Each structure stands twice: as structure tokens, then as C-alpha cells.
Amino acid sequence: MGPEPSAEPPPQDLLDTGSEAPVIRLVNHFLRRAVEARASDLHVEPHENGLRARIRIDGFLQTIFDRPQAPAKRVISRLKVMAGMDISETRLPQDGHIALRYGGRSIDIRVSTLPGNYGERVVMRVLDKTAGLMPLADLGLRPPQVAQLEALSAAANGIVLATGPTGSGKTTTLYSLLKLANTTERNILTVEDPIEYDLPGVNQSQIHAEIGLTFAAGLRASLRQDPDIILVGEIRDLETASTAAQAALTGHLVFSSLHANSSVAAIIRLRDLGVEDYLIAATVRAIIAQRLLRRLCDACKSTRAPNEQERALFQATTLPIPAHVWQANGCPACNGAGHKGRAGIYEIVTMDDGLRGAIDAGASEQALKVQALTPDRTLLGEAMQLVAQGITDSAEVVRVVGTEL
């Protein structure tokens with residue numbers, strides 16, 4: 001008997017177009033545009049008249065194709081075949097993934113379908129597994145913050161949490177910390193969904209909730225593998241949270257992400273999940289809250305005097321009011337958007353005795369915030385510093401961070 005054929009087809013190379021059918025060429029064109037533009041997502045949506053394709057760049061969707069009489073059903077079927085889905089099932093949502101190669105880069109695409117009134121819409125998350133992780137300073141962290149994170153990655157135990165909404169760069173920050181901590185003397189394990197980048201020297205596991213391999217089960221199994229450091233993709237229930245806390249108490253360093261609006265809100269979120277105050281105080285070492293702000297396009301930004309709202313924001317964050325601020329205009333270099341690329345802002349809370357005491361005493365979110373952060377070190381304070389430097393504008397800060405301290 002010969003070897004069994006692999007169930008997984010070899011990755012297709014997007015540059016190898018050949019003389020394929022028009023539908024295959026169209027699908028490859030969509031995927032190529034998304035990968036070339038370094039888009040995070042690709043949306044393919046049938047509508048009343050035809051088909052539309054959009055890609056998400058810097059957090060905003062841009063239309064790359066919208067035509068009537070386009071062969072919508074055949075395009076969707078082609079994507080479902082590539083993603084290993086059941087093409088005869090059009091009434092239920094499905095998930096799959098496509099492995100691609102593009103000019104030597106390994107691209108993993110997570111595919112999700114959702115039935116709609118004009119057919120199934122397909123959304124793809126594009127993960128460039130070979131994209132090099134940036135050094136911390138390039139992520140937008142200030143030198144004192146880089147020093148803080150370097151100290152955290154060298155710690156022997158405890159939990160380090162990254163918080164923020166979807167798409168705010170939490171995973172990238174945690175991976176960068178893992179890269180810092182990755183030495184041959186330490187055994188590093190990850191439990192992720194999905195595995196977003198390949199990390200040489202790190203043992204990465206993909207969760208499969210449908211067969212019982214949840215974050216909590218993966219974390220428990222990892223603890224039997226003699227780890228020094230464990231990355232858990234996300235803490236979303238009490239079981240995962242308490243297992244992570246036990247791991248931290250028994251001498252492991254645990255990195256994870258949590259959905260919360262600010263660093264201090266993460267403490268309240270852990271409380272809501274059911275973690276005891278004394279356990280939060282004893283195990284959490286640091287919390288990083290972050291956001292991504294669109295950078296002003298250097299080719300067309302212009303200066304003006306700060307308006308009333310901007311002056312109030314600078315005063316509220318105890319920052320000096322600059323003589324002028326920059327605003328977005330739009331030009332061919334940035335496709336008329338006025339913005340090009342993104343910059344990270346980070347609010348880092350490290351545990352000290354005062355904060356531990358306040359958590360232990362069950363202090364409110366407001367009281368913890370006053371204890372943990374000065375106004376210029378909050379997300380709003382960090383964002384207003386970028387406004388003063390001309391890296392972003394106040395409209396972007398209000399959109400992403402809001403005006404509440």
C-alpha cells in the first residue's frame with residue numbers, strides 16, 4: 001500500500017496565474033490585491049445586481065471591485081472549494097482556511113461564509129505568517145515603555161495581559177514580548193486561535209473547540225509540558241482565567257489577551273469572570289491597553305491653531321498646549337484619505353503595592369484608575385502626545401479613544 005494522499009492540498013502560488021478560467025483569475029486577483037496591499041481582511045459580497053469586493057486597510061474598507069452581472073455564485077463557489085467547504089450547503093454559515101504562497105511569502109487565510117438574501121457573503125482574514133515581527137520601538141512604544149516590557153518578558157512568573165478591541169494589535173504586542181523572552185534556556189508554549197505568525201523556537205498549538213481542545217484544556221495540557229512561558233490566545237471564561245492564575249502562582253509566566261476598554265477595566269473584567277480579588281492582586285504583573293491610530297499622510301498634512309476641544313483635551317491630560325496641530329487633507333499619495341499607515345498607543349499599568357492593596361480591598365474602577373495612572377499616561381494622554389507631534393489628528397483620537405479620561 002502506498003502512502004495515503006494528504007487531505008490538505010499544497011499551497012497555491014498566487015503569482016502562478018497560468019491560463020485558468022476567468023472565475024479563477026478573478027478570485028486570484030482579489031487575493032493578490034489583498035496580499036499586496038497588506039490588507040487585514042477581504043470581503044466578497046453578492047448584491048442585487050452583481051458582486052462587490054472590499055479590502056480592509058488601516059481599519060477602513062476600500063472597494064476594489066463592484067460590477068453588475070458578475071458571476072457571483074461561481075466566485076463564491078470557487079472560494080468555498082479553495083477553503084475546503086461543502087459547496088452544496090448554502091443555507092448554513094461555514095468556516096475554512098486557504099493556504100497560499102505569494103512571492104516566497106506563506107499566507108494563511110481564514111474564511112467565513114454567511115448566507116444572505118442575495119447569496120452567501122465571504123469574509124477572509126489575511127494572515128501573513130512570514131511577516132517579520134517588529135521590534136518594540138517600531139510598534140510605537142516610547143523608550144520607557146520598551147524598558148518596562150523588556151523587564152516583564154524577563155520575569156519568572158505572573159500574568160501579563162494585553163487588552164483592547166479586535167484589531168488593535170494585541171497579538172502582535174504579545175508575540176513581540178514572546179520574541180524578547182525566547183532564549184534556548186526557556187521552554188515557550190502557545191495555545192492560539194488561529195496561529196497568526198510562525199515563531200521559530202516556540203511550540204505553537206491551534207485550539208479546536210469542536211473536539212474539546214479549548215483554551216482552558218490547551219492551557220492545562222501545556223502545564224504538563226514543563227513550560228517556562230505560556231501564551232494563551234485569549235481569556236474569555238472563568239476556567240481559563242483561574243487556570244492561568246494557578247499557572248502564574250506555580251512559577252510560570254503567562255501572556256494573554258482580554259477584551260476590555262482600558263488597562264484598569266481588565267481588572268474589573270477578571271472580577272466579572274469570577275476571579276477572586278486576592279488572586280488578581282497576587283498573579284497579574286502588568287496590563288497593556290492599546291489602540292491603533294491612523295497616521296497623517298506626510299505628503300499633504302497641514303498645520304492650524306488648536307481649536308477649543310483640542311485645547312480642553314490637552315489641559316485634561318495635563319499636557320502643554322502646542323502652538324499648532326496638524327490636520328488631514330488628502331492627496332494622490334494617500335488615495336485622498338488624508339491618512340497613511342497606523343501608529344500604536346499604549347497604556348501600561350504595572351502592579352505595585354498600592355495597586356495590589358486597592359484591588360484586594362475591592363476598589364472601584366474609578367479608584368483603581370486614579371491609583372494606577374496619571375492623566376498623561378492614559379490612552380487619551382498618549383494619543384494627545386501624538387497629536388502634539390503631528391503624527392495623528394484629534395478627529396482620529398476622538399474616533400478611536402473617545403474623550404473620557
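**Exercise 1.** In this predicted model, start with Asp353, which is exposed, with a relative accessible area of 65%. Work out which residue Asp353 forms a salt bridge with, and how far apart the two lie along their helix.

*Solution.*
- Step 1: Look for the partner. Asp353 pairs with Arg356, and their closest N and O atoms are 3.4 Å apart. That fits the 4 Å cut-off for a salt bridge.
- Step 2: Place the pair. Both belong to helix 10 (residues 353–360), and because they are three residues apart, about one helical turn separates them.
- Step 3: Check the partner's surface. Arg356 comes out as partly exposed, at 30% relative accessibility.

**Exercise 2.** Decide whether Arg91 and Glu89 are each buried or exposed, and find the closest N–O distance in their salt bridge.

*Solution.*
- Step 1: The closest N and O atoms of Arg91 and Glu89 are 3.6 Å apart.
- Step 2: Arg91 has a relative accessible area of 70%, so call it exposed.
- Step 3: Glu89 has just 17%, and under 20% means buried.

**Exercise 3.** Asp393 is buried; find out what surrounds it, and how far away the nearest side chain of opposite charge is.

*Solution.*
- Step 1: Locate Asp393 in the loop between helix 12 (379–388) and helix 13 (394–400).
- Step 2: Hunt for a charged partner. The nearest side chain of opposite charge is Arg294, 6.4 Å away, and Asp393 has no salt bridge.
- Step 3: Try polar partners instead. The side chains of Asp393 and His339 make a polar contact of 3.4 Å.
- Step 4: Round up the neighbours. Beyond four places in sequence, the contacts of Asp393 include Leu296, Trp326 and Val387.

Terms used:
Residues numbered from 1 in each chain as written. Predicted model: local features only at pLDDT ≥ 70, side-chain atom pairs only at ≥ 80, totals over all residues. Heavy atoms only, no water. Helix = DSSP H or I, 4+ residues; strand = E, 2+ residues; numbered from the N terminus. Buried < 20%, exposed > 50% of the residue type's maximum accessible area, 1.4 Å probe, protein only. Lys, Arg positive; Asp, Glu negative; His and termini not counted. Polar contact = N/O pair within 3.5 Å; in protein donor to acceptor, adjacent residues only side chain to side chain. Contact = heavy atoms within 4.5 Å.
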